Amino acid sequence: MTLSESKDFVVNSSNLKEVRIFSRKVFEKINLPQEQKDELVLAIAEAAQNIVKHAYKDVEETNDKMQIKISFKDNQLEIGFFDKGKPVIPENIQHRKLDDIKPGGLGTFFIKQIMDEAIFKKNQKGWVNHLVLTKTI
């Protein structure tokens with residue numbers, strides 16, 4: 001099965017529900033266990049939340065969009081995130097300590113647990129940040 005779907009979302013935390021709905025609809029087309037679908041939606045939601053929270057930190061309102069592209073071919077799942085926020089410095093990304101019990105701060109931990117790889121690509125024409133999550137299914 002080959003699949004490639006993308007959608008643009010205005011960068012705003014109120015749109016994170018729409019991100020999850022879009023992701024679930026795409027994953028319904030792929031024959032995966034429900035638990036795995038739920039994990040993948042979580043990884044996407046966490047990455048999208050990080051765009052809102054970090055790439056657009058201190059931005060009150062914006063009409064900027066982030067694009068999410070989900071592709072599946074030959075048992076390879078690739079999820080691309082594109083935004084025009086503050087440039088990401090990959091070496092500065094880290095989750096909080098797991099024994100520091102408090103809400104938030106574990107999005108990148110969950111993403112790394114769920115996905116095989118999470119890398120930032122440079123020079124994506126028209127975009128500032130391009131995160132690619134991959135997983136062999």
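A residue counts as buried here when its relative accessible area is under 20%, a cut-off to keep in mind while moving through this predicted model.

Begin by selecting Gln36, which has its place in helix H2. Because the relative accessible area of Gln36 is 18% and buried means under 20%, this residue falls among the buried ones. Show its surroundings next, and, leaving aside residues up to four places away in sequence, you will find that Gln36 touches Lys135 and Ile137.

Now extend the selection to the whole of H2, residues 34-55. This helix has 22 residues and reaches 31 Å from its first C-alpha to its last, close to the 32 Å expected at 1.5 Å a residue. Colour its buried residues, which include Lys37, Leu40, Val41, Ile44, Ala48 and Val52 as well as Gln36. What covers the buried residues of H2? Among the elements to display around them are H1, strand S2 (65-73), strand S3 (76-83), H3 and strand S5 (129-136).

Turn next to helix H1, residues 16-27, which has 12 residues and spans 17 Å from first C-alpha to last, close to the expected 16 Å. Select Leu16, Val19, Phe22, Ser23, Val26 and Phe27, the buried residues of H1; because they cover an arc of only 130° around the axis, they lie on the same side of the helix. Rotate to the other side of H1, where Lys17 and Lys25 are exposed. The buried residues, for their part, pack against strand S1 (3-10), H2, S2 and S3.

With H1 and H2 both shown, look at how they pack: their axes are 9 Å apart at an angle of about 145°, and the crossing is right-handed. From H1 the contact draws on Leu16, Val19, Arg20, Ser23, Arg24 and Phe27, while the H2 residues include Gln34, Lys37, Asp38 and Leu40. Coloured by character, the residues of this contact divide into nine nonpolar, three polar and four charged.

Finally, bring in helix H3, residues 107-114, whose axis comes within 9 Å of that of H2 and crosses it at roughly 145°. Here the crossing of H2 with H3 is left-handed. To see the contact, select Glu39, Leu40, Leu42, Ala43, Glu46, Ala47 and Asn50 of H2 together with Gly107, Thr108, Phe110, Ile111 and Ile114 of H3; these residues divide into seven nonpolar, three polar and two charged. Leave Leu40 highlighted as you finish, since this residue of H2 takes part in the contact with H1 and also in the contact with H3.

How values were computed. Residues numbered from 1 in each chain as written. Predicted model: local features only at pLDDT ≥ 70, side-chain atom pairs only at ≥ 80, totals over all residues. Heavy atoms only, no water. Axes fitted to C-alpha atoms, helices over the stretch in contact; angles between N-to-C directions. Helix = DSSP H or I, 4+ residues; strand = E, 2+ residues; numbered from the N terminus. Left-handed = near helix turned anticlockwise from the far one by under 90°. Contact = heavy atoms within 4.5 Å. Nonpolar A, V, L, I, M, F, W, Y, C, P; charged D, E, K, R; others polar. Expected span 1.5 Å × (residues − 1). Buried < 20%, exposed > 50% of the residue type's maximum accessible area, 1.4 Å probe, protein only. Arc of directions from axis to C-beta.
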